[in-house]
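Biologist: Please take a close look at one part of this model, the domain annotated in its database record. I should like to see how that part is built and how it sits in the rest of the chain.

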Amino acid sequence: MAGEGIMSDIAPPLWLLAELTYRCPLHCAFCYNPVNYTDHSSELSTDEWIKVLREARALGAAQLGFSGGEPLLRDDLEVLVREGRQLGFYTNLITSGIGLTDKRLDALKDAGLDHIQLSFQDSTQELNDFLSSTHTFDLKNRVAKSIKAHDFPMVLNCVLHRYNLPHVDKIIDMALAMGAEYLELANTQYYGWAHANRAQLMPTAEQLKEAEAVVERYRNEIGDRCKIYFVVPDYFENRPKRCMNGWGSVFLGISPDGAALPCHTARSLPGLTFPNVKQRSVREIWYDSDAFNRFRGFGWMREPCRSCEEKTIDAGGCRCQAYLLTGDPANADPVCDKSPHHEAVINVVRKAAIEREPDEHPIMFRNDSNSRRLAASHDGRGPDYHIVADLAGVRK
Ligand code: SF4
Ligand code: SF4
């Protein structure tokens, strides 16, 4: 039974993520947007977003992230930041930096923006530009300087995988040279486009071990100068992450067309209709919708999670990962070695260690034509093809 035993004590959402648009000038191979994003191209109006911000703040949300796609493609970004700040949110812009001119930085400062997270794909121009399928490295460097010149606290974000893990020391040097207060070394999570490119992106256990040692050495050397986050990808663990701190627990994502999501990638799950802020209030969505209640608490769990003494620690892991790897989102996350499907994860990691021809599986970059192709073939949404392939160990 969905949400069994917890309906009376649901906490309000703390973190509101406003995905303003799926449009983006970059084409990252690991993009976390849905692979079929071209199926959802409509966008909320400025007034509709303002209504969302007001309703979420009234419910208790405190942190507001603006992301996408590239949120700078919305020319009402400054209006929304100002509204969010006036409502009392802590506001964060999550950006590729493309379009972040000095003029816009001035306007965002004036609107009260608190914080900027800037993404790089690598410390080298060659790899940065290859992985985003653009020529943006120099521009991003200029943007990083402007962000600091405008006195914004800055997180540098770099998604890690087998291509750039050997460059971790250079990526840290780059962050230090730019004066970033935080560096998020975000090991790839295999959803969306990263799942479609998993065979190409999955690192080896040795690469991860070496990168972790480098990070540890830097942490000891630089102290508080820059805080470095580095989380080992969960395919290499035997317990799953507590995804979004638990379904419907703290996170409320609103996608560009207004669909409300309990996690960034929940849209890929079958059998759930995600409520839309155009039809329902944020309060109704958070407390009463089937989508937000379906995997809340513990009542939905099957064995081995149902009777597991660790269920309060990891909440059974990630529903999207359970779906992508087992075909059923109500299963235990197969990262867990108590899951009968754990072998699927072991197979992926094992395959990653095997040398292969670089062009054996060409990378599929995020772009509209690939999105339409994946949407039409249903390949990218994860179900049958990936499950069968994962379990048979063929598509690694
Ligand atoms: S991951 Fe890359 S392509 Fe996807 S939204 Fe971010 S910058 Fe754009
Ligand atoms: S069986 Fe389920 S609840 Fe127990 S540790 Fe594994 S994923 Fe977590």
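Modeller: Over residues 10-225, the chain is 44% helix and 16% strand, and the C-alpha atoms at the two ends are 38 Å apart. This is a predicted model. The span is taken from an unreviewed UniProt entry, which annotates it as "domain: Radical SAM core".

The ligand 1 site is a suitable place to begin. The same unreviewed UniProt entry marks C24, C28 and C31 with the annotation "binding site". In the model, these three cysteines are among the residues around ligand 1, together with L26, H27, N33, G68, G69, E70, S96, S119 and R366. By class, that shell has four nonpolar, six polar and two charged residues.

Two of the annotated cysteines can be followed further. C24 is found in the loop between β1 (15-19) and α1, and C31 lies in the loop between β1 and α1 as well. C24 is buried because 22 other C-beta atoms lie within 10 Å, against a threshold of 20 or more. C31 also counts as buried, since it has 25 C-beta neighbours inside 10 Å. Their contacts beyond the sequence neighbourhood are as follows. C24 touches G68, G69, E70 and S96, and these residues also appear in the shell of ligand 1. C31 is in contact with G192, W193 and R366; of these, R366 is also listed around ligand 1. R366 falls outside the annotated residues 10-225, so the surroundings of ligand 1 include a residue from beyond the annotated domain.

The pair G68 and G69 deserves a separate remark. The peptide bond from G68 to G69 is cis, with omega near 15°. In general, most peptide bonds are trans. G69 is placed in the loop between β2 and α2, and both glycines belong to the residues around ligand 1.

That loop leads to helix α2, residues 77-87, whose buried residues are L77, L80, V81, E83 and G84. Viewed down the axis of α2, the buried residues fall within an arc of 165°, so they line one face of the helix. An α-helix has 3.6 residues a turn, so residues three or four places apart point the same way. The cover over this face includes α1 (46-59), β2 (63-67), β3 (90-95) and α3 (102-111). After α2 comes G88, which has a positive phi near 100°.

Helix α6, residues 168-178, can be read in a similar manner. Its buried residues are V168, I171, I172, M174 and A175. These fall within an arc of 155° about the axis of α6, so they too line one face of their helix. Among the elements covering them are β5 (154-160), β6 (182-187), α9 (205-222) and β7 (227-231). Of these, β7 begins after the annotated span, which ends at residue 225. The residue that follows α6 is G179, with a positive phi near 80°.

Some features of the remaining chain complete the setting. M244, in the loop between β7 and β8 (251-254), has a phi near 50°, a positive value in a residue other than glycine. M244 is buried, with 22 other C-beta atoms within 10 Å. A315, in the loop between α12 and α13 (319-326), also has a positive phi, near 55°, and is buried with 25 other C-beta atoms within 10 Å. Most residues other than glycine have a negative phi. A cis peptide bond joins E303 and P304, with omega about 5°, and P304 is placed in the loop between α11 (290-293) and α12 (311-314). Ligand 2 has 14 residues around it, of which C305, C308, E310, K311 and C336 come nearest. The shell of ligand 2 has six nonpolar, two polar and six charged residues.

For the protein as a whole, there are 16 helices and nine strands. The radius of gyration is 20 Å, close to the 21 Å that the globule rule gives for 396 residues, so the protein is as compact as a globular protein of that length. Buried residues make up 47% of the 396 residues. Of the contacts with a separation of 6 or more, 74% are between residues 24 or more positions apart.

Note on methods:
Residues numbered from 1 in each chain as written. Chains lettered and ligands numbered in written order. Predicted model: local features only at pLDDT ≥ 70, side-chain atom pairs only at ≥ 80, totals over all residues. Near = placed C-beta within 6 Å. Nonpolar A, V, L, I, M, F, W, Y, C, P; charged D, E, K, R; others polar. Buried ≥ 20, exposed ≤ 12 C-beta atoms within 10 Å, placed from the backbone. Helix = DSSP H or I, 4+ residues; strand = E, 2+ residues; numbered from the N terminus. Arc of directions from axis to C-beta. Contact = placed C-beta atoms within 7 Å. UniProt positions renumbered as here; feature names shortened; annotations may be inferred. Rg over C-alpha atoms; globule rule 2.2 N^0.38 Å.
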